[in-house]
Amino acid sequence: MEREISSNKNHQLTFFDSQVWNKFVNPGEVIEVRLPKVIGRWTYSGYFDDRDAFCKSVREAEKLQHSGAYFTLQVIDPRLLGRAFNRIRQTDQTTSDRDVRFYRWLPLDLDPVRPAGISSSDSELADALKLSDVVADYCVKEKGFSKPIRAMSGNGAHLLFRLADLPANDENKKMIKNFLEGLAQRFDTEIVKLDTTVYNPARVWKLYGTQARKGDPLPAGQYREARPHRESFIYDLEGR
């Protein structure tokens, strides 16, 4: 599947690439990196305003046993940097909705339907990516959005539509929730669903360049499809 995407797209970009960091983090801004269920139990988190420190810390954290790495997608209070200054550590304090200042992105997560706790197969991933193209076209042509960032989450498809920096208040939270639910009603199928729970401002998002690690990596067999652990990446950063 990754080879198929590569053959049709120009680049596979990750958060370790400077252009991706600069797309999501403006000067003076801070992001949280979060790894839930480290060794099946602990939450690790760190706050970053320095890309070099971020790259070093995340690469070290990827060596840990964890279920996935995520980041805060929206604009958060930069004072949170004092919780873990450009480093990742075990913690019970993470970003809450009240710590978010603005919505900058409308996130769409299209995920194949499958039992919980397992990775997607290549065919399931292909279905999610195909549906994401349909949803993106609708949002651009019918709703007037700019073309989105497009990404492969490791198990499904992501679309990120740029918003004006909207205050992270209850009104905008409800607006985004209603929009996601409307898209789901329009586009959900029996094999791919749009996640309608990602409307809250402090929602963390897959950190591109890290692996999705749901369940055990499953090799193909005579009677089964492979379900590998895949590295997430962006394949269209500029919405071309």
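Contact here means heavy atoms within 4.5 Å.

## The model

This is a predicted model, where local features need pLDDT of at least 70, side-chain atom pairs count only at pLDDT 80 or more, and totals for chains, interfaces and linings use all residues. Residues are numbered from 1 along each chain as its sequence is written, and side-chain values use heavy atoms, with hydrogens and water left out.

## Nonpolar cores

Leaving aside neighbours within four places in sequence, L108 is in contact with ten residues named here: V135, C139, A157, H158, L159, F161, L180, L183, L194 and W205.

L108 is also among the residues with the most contacts inside the largest nonpolar core, alongside F15, F24, F54, L110 and I234. That core has 59 residues. A nonpolar core is a set of buried Ala, Val, Leu, Ile, Met, Phe, Trp, Tyr and Cys residues joined through side-chain atoms within 4.5 Å. Buried means under 20% relative accessible area, exposed over 50%, partly exposed in between (1.4 Å probe, protein chains only). Another core lies apart, with seven residues, including I76 and A202.

## S153

S153 is buried, at 8% relative accessible area. Its side chain reaches the backbone nitrogen of N155 at 3.4 Å and that of G156 at 2.9 Å. Not counting residues up to four places away in sequence, S153 touches H158, K206, A212 and S232.

Definitions and conventions. Polar contact = N/O pair within 3.5 Å; in protein donor to acceptor, adjacent residues only side chain to side chain.
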